[in-house]
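Open the model in your viewer and show it as a cartoon. Keep the selection panel at hand.

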Amino acid sequence: MARMVTVSFPDSSWRDAVGPVDGVDAVVWDPQAAPPQQPVDVYVAPYMTKPDGVAVVAQQPSVRLVQLLSAGFDNMLPVLPEGVSLANAKGVHDAATAELALTLVLASQRGFDDFARAQAQGEWTSRHVRPGLADKRVLLLGYGSVGRAVVERLVPFEVSVTAVASRARAGHDLVEAVHGVDELAALAPEHDVIVSVLPGSDATHHILGEELLSSLPDGALVVNVGRGPALDTEAALRHAGRLRFALDVTDPEPLPTGHPLWSAPGVIISPHVGGVTQAFRPRAVSMLRRQLTALAAGEPPINLVHEG
């Protein structure tokens, strides 16, 4: 029989929302405060926490698993104590992030950035032809669960989609094949829209850089809902106007007041809100209940991204 698992939640609202789980003792640990008196096995980090919100587990040597409420985890690995595993919230944010990716694509393709500026001035602008989305060639960069969710939403808009991942593999019902990143340089110039859902890593840093941006056709749109450093900001500024950009993530982030990206032509910026919808909380609670049920039964953790 598995022993009782002690889990800490970042505040009482998360503890209460998850509710009782057989074999689980729930406590509250605000990372800004001292750790609980009793040993903690599983630490649930606050949503959108910075690395210092995970580094605090070093104060509790009993912690064996850190559970994130976000999908991204790359910036947490350097502060994770030795022997501590890490699980992310894979699947929780897929739908919301895909919604925002599609929103940014449509907003730019149909000119809603211009419409918003005109509305603020009370101006009825003249009509002219916009790129639209139908019949466009879209390249999806990063084909995991979020990437698939993006493609599921793009396909009904009558586009052709090319998926690129770290390694080539067979396709399925949505795409004929998944191309490897080594093909990106050859594929990119043949597309009208690039959507990046890439995580942050040395391999993805500035993958959308000067060479690739220079190869894109005039008027192409680059959308980033993954991690900001995948796009070389200085290169993007050099191409702004010839290319268009719709960015939920930036480098640096948050984007400082007065940064030239704010006013660059053809650029739409949202403040890293890909997963911030009303769907988040219930989906995260469901994921936490599945995780804690598995752990209380002595099973391996779900969504494991780093084994301590």
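The tour below goes from the sheet to two helices and then to single residues. Bear in mind that this is a predicted model.

**Stop 1: the sheet**

Select the strands of the open sheet. There are eight, in the order β8-β9-β7-β6-β10-β11-β12-β13, and their pairing is mixed. Colour the two edges next. They are β8 (169-170) and β13 (267-269), each with a pairing partner on one side only.

Now move to β6 and β10. These strands pair in the parallel sense, over four bridges. Pick L141 and look across to β10: the bridge partner there is S196.

**Stop 2: helices on the sheet**

Add α3, which packs on the sheet and touches β10, β11 (221-224), β12 (244-247) and β13. The direction of α3 makes about 155 degrees with that of β11. Angles over 145 degrees count as roughly antiparallel, so α3 runs roughly antiparallel to β11.

Add α5 as well. This helix packs on the sheet too, touching β6, β7 and β10. Its direction makes about 165 degrees with that of β6.

**Stop 3: inside α5**

Which residues of α5 are buried? Select residues 145-154, then show V146, G147, A149, V150, V151 and L154: these are the buried ones. Their packing partners are α3 (94-109), β6 (137-141), β7 (160-165) and β10 (193-196).

**Stop 4: where α3 meets α5**

Hide the strands and keep the two helices. How do α3 and α5 cross? Their axes come within 8 Å, at roughly 50 degrees. That angle is why α3 counts as oblique to α5. The crossing is right-handed.

Show side chains at the contact. From α3, select D94, A95, T97, A98, E99, A101 and L102. From α5, select S145, V146, A149, V150, R153 and L154. Colour them by type: eight are nonpolar, two polar and three charged.

**Stop 5: S196**

Return to β10 and centre on S196, which lies in that strand. Is S196 buried or exposed? S196 is buried, because its relative accessible area is 0%, and the cut-off for buried is under 20%. Beyond its neighbours within four places in sequence, S196 contacts L141, L208, V223, N224, V225, G226 and A230. L141 is thus on this contact list and is also the bridge partner of S196.

**Stop 6: L243**

Go to the loop between α8 (233-239) and β12 and pick L243. L243 counts as buried, because its relative accessibility is 0%. Leaving out neighbours within four places in sequence, select its contacts: L213, L216, P217, G219, A220 and P265. Draw a C-alpha distance from L243 to P265. The pair is 22 residues apart in sequence and 8.9 Å apart in space.

**Stop 7: the loop between β12 and α9**

Two residues are worth selecting here. Start with P252, found in the loop between β12 and α9. At 35% relative accessibility, P252 counts as partly exposed. Draw a second C-alpha distance, from P252 to P229. These two are 23 residues apart along the chain, and the separation is 7.9 Å.

Finish on H259, in the loop between β12 and α9 (260-263). Its relative accessibility is 13%, so H259 counts as buried. Leaving out neighbours within four places in sequence, H259 is in contact with T233, L237 and P252. Show H259 and P252 together to see the contact between them.

Definitions and conventions:
Residues are numbered from 1 along each chain as its sequence is written. This is a predicted model: local features need pLDDT of at least 70, side-chain atom pairs count only at pLDDT 80 or more; totals for chains, interfaces and linings use all residues. Side-chain values use heavy atoms; hydrogens and water are left out. Buried means under 20% relative accessible area, exposed over 50%, partly exposed in between (1.4 Å probe, protein chains only). Contact means heavy atoms within 4.5 Å. Axes are lines fitted to C-alpha atoms, for helices over the stretch in contact, and angles run from 0 to 180 degrees between N-to-C directions. Angles under 35 degrees count as roughly parallel, over 145 as roughly antiparallel, 65 to 115 as roughly perpendicular and the rest as oblique. A crossing is left-handed if the near helix is turned anticlockwise from the far one by less than a right angle, and right-handed if clockwise. Ala, Val, Leu, Ile, Met, Phe, Trp, Tyr, Cys and Pro count as nonpolar, Asp, Glu, Lys and Arg as charged, and the others, Gly among them, as polar. Two strands pair if DSSP finds at least two bridges between them.
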